[in-house]
Structures are given as C-alpha cells and as structure tokens.
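Hi,

Here is the structure I promised to pass on. Have a look at it first, and my notes follow below.

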Amino acid sequence: MNQEIAFSSRTNTEDAVLDIFNQLRSPAENYKVVIFFASSIYDFDLLSKKIKEHFPSSHVIGTSTSGEISPKGFSKNTLVVTTMSDSMTRISGVLIDDADKFPVIYKKDIEDAASSIGIRFHSKGTNKDCFALTFINGLCNAEEAVLALINSIIDDKEFNIVGGSAGDDLKFKETYVSYNGEVVSHGAVILFFKTSHRFIIKKENIFVPTGKRLKITSVVSQTRTITSINNQNPKRSYATALGLSESEAENSILKYPFGRVFGTEMFISSISSFQQNGNMNMYSRVLPNTEVEVLEPIDPIEEAKKTASEIRNEIKNPGFTLIVNCILRTIGFEKDNMLNPISRVWNQYYPNYCGFSSYGEQINRLNSNQTFVVLVIEA
C-alpha cells in the first residue's frame, strides 16, 4: 500500500492539473485510485476530465470542497490529489445522480459495483475486509438517502462506510462530485474497497454532553427544519436551556450543537441558523420525538492526540490516510488560532495524509456534523 500526495495553489485549472501531474513520482498506470479535493475556484467539469485524461486506467474520484487538507496544513483555493498503489486491494465505483429524489433507481448499479469485487451482500463479516468511501453532494440533503440505500443492499450491520459531503467554499450555491470524469451536482460517488490490509475508520468529537436534554417535538424532515422543541418555539427553548437571551443564542450555535446517542456512540447534529419565526435549520436530518443532548466543547488538541494515538496503536505502519473534517470545525479552529496546532498533531502521527473540509461527515449508517472522520489503511 503506497500513497502519494500532490498539492497545487495555481488558480488556472489546467495549470493546476499539470502541476499535480509533474509532482507524482510513479507512472500513471501504477495508480489504482486517484482522489482529488478541489476548491470551487476551479472549473470542476474541466478539472475532472483533465485528471481522468492523465490517469486513464485509474479509478478517479473527486469532490469540491470548502478547504483542502494536506501535510502542508489547512489551505484554501488549492487542489490536493492523492493516489493509492496496491496489488492487494480490489476497487469498484459507481456514480449516482438525483440522489435527493430517486436514489433507488441506482440500486442495481450499486449491487453490480460491490459484487464485482467480491463483496457479499448477505454475509456477516463483510466489514472485516471491505468498506465504502462516499462523496455526496452537500446542498441537496441526500446524505441519509444514499447511506440508507447502501445499507439496504449490504445486510452486514457492521459494514464500514466513510465519507464527506462536498462543499463550495461557503458559497452555498452548488457542489460537485465526480467519477472517472463524469460530474453530478445532486448525487454521489461510491467507491467500494476489498482489501487484505488492515484498516480503521474512526470518528472524533470535540464536544461532550452538558446534561441538558431537549425533545424535538415537530420537524419538517425534507428541509431539516425543527419547528418545535418541548412543544415550544425552538429558538426560545434552545436559549432557555443555555441560560442565554435569544439574541445571544444566535451567536452560540457553533459552540453548542446537538448530540444524538445511538447505542454507546454519540453523533453531532449541528444547527445551521434560526429563521425569523424561531424555527431551527439543521445541517443533518432530525426526526420528531427525538431526544438530543446540548453539547459543549472540549480541548481539540488533546482529542486530536488521543484519536491519532489510538489509531497508531492499531495501525503501526499507516500506508494511506484520508481525512474528512467538518467545515464548522475548521471555522472554529481558525477563530481560535488552532489550525496550525491541529496540523502539527496530524503531522506527528500520520506519515502522509490528505482530505478536505466538508459540509457533512458520513460514518457507517449515519450522517453527522462538526465531526472528524479518518480512514487509515496499513502499508
């Protein structure tokens, strides 16, 4: 298992692709997978086609971002490309469109992609040597539908999924994902892996429960809007729980998100904004009659060290590392002057890594926010 990473700050699309191509050391045909993370300053259609032209025999997937991540740290207005070379890993992919409306029409394509590399739909233990990487368009509320479709096909409840929602540098206009040069703005790319290498998929939260619980009593699921909490106005209920005025609560949503507990694990559901009438816009789907915890932040540096240390205890010799870091975490790190300290931790523990700042994070069956997810495969 070998990973190479190339980085370009050239703003012209074709110049950036040529810059990347000149940095990579191996012949193009040696790369089994090529993954790119691209700022919205680039012509994404042209970028996708040009990268595929350079790597015609590789699986080429990519996503638009709200910031790129590499050993150089957090960056903006850049292109980051990573490659995987390996003879012990089989890979197959599929691109689906209109994932926010009719994802089920791609069920056969997903089944064919998974079965072509030997993934067994109805067998336990599939999670031992298989996983899926997903990039999902981040502005069409399709994450839950895509995850549900994959999990409806593969019966193994422990099957591993890791991924992120495409961004557009906080413009909130249109996001893109691509597979082998083809681009969609309302869909997803799914790449299935079957490997003999050990791997770990891990999430990190930098929030803990405050002990303050709220019950979401009515929602509009399609738009991810909460219309009442504890049968009261959402903004008022949230402010009361925090002991703040409603105006103060508006400036606290980054610091105090919601947590949802599934089994022994907690997943973060972030507040996007408040409407004038006090309704609450969310970044991930919420359901009526759901209890949530109000969360508060903890030291992100210590958590980054803890996460990385736990991974290195399991994967002694990382050969490939891919990071998805929520844009809300990135914004928070930037406000607190934490971008460089966080990067230094990653540089200390991961020999090579790259990824992007996302509009949502997928891990196994759930879509979450303000979360860090990482895939590490042993060399």
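When I say that a helix lies across strands, contact means heavy atoms within 4.5 Å. Please keep in mind that this is a predicted model.

With that in place, helix 3 (residues 107-115) lies across strand 7 and strand 12 (188-195). Its direction is at about 170 degrees to strand 7. Both strands belong to an open sheet of six strands with mixed pairing, in the order 7-12-8-9-23-24. At the edges are strand 7 (89-96) and strand 24 (366-368), each of which pairs on one side only. From one strand to the next, the twist averages 15 degrees.

Further into the sheet order, strand 8 (residues 130-136) and strand 9 (residues 160-165) run parallel, joined by six bridges. Phe135 has Gly164 in strand 9 as its bridge partner.

Now for the rings: searching the whole structure turns up 17 aromatic pairs. In one of them, Phe37 and Phe135 have ring centres 6.0 Å apart and planes at 65 degrees, so the pair is edge-to-face. Phe37 is in strand 2 (residues 33-38) and Phe135 in strand 8, 98 residues apart. Phe37 also forms a stacked pair with Phe356, at 5.5 Å centre to centre and 20 degrees between the planes. That one reaches strand 22 (residues 354-358), with the partners 319 residues apart.

Are these rings buried or exposed? Phe37 counts as buried at 0% relative accessibility, as do Phe135 and Phe356, because buried means under 20%.

Last, the charged end of Lys203 sits over the ring of Phe267, 4.7 Å from its centre.

Cheers

Notes: Residues are numbered from 1 along each chain as its sequence is written. This is a predicted model: local features need pLDDT of at least 70, side-chain atom pairs count only at pLDDT 80 or more; totals for chains, interfaces and linings use all residues. Side-chain values use heavy atoms; hydrogens and water are left out. Two strands pair if DSSP finds at least two bridges between them. Helices (H or I, at least four residues) and strands (E, at least two) are DSSP runs, numbered from the N terminus. Axes are lines fitted to C-alpha atoms, for helices over the stretch in contact, and angles run from 0 to 180 degrees between N-to-C directions. Rings of Phe, Tyr and Trp (its six-membered ring) pair if their centres lie within 6.5 Å; planes under 30 degrees apart count as stacked, over 60 as edge-to-face and the rest as tilted. Buried means under 20% relative accessible area, exposed over 50%, partly exposed in between (1.4 Å probe, protein chains only). A charge sits over a ring if NZ of Lys or CZ of Arg is within 6 Å of the ring centre and within 35 degrees of the ring normal.
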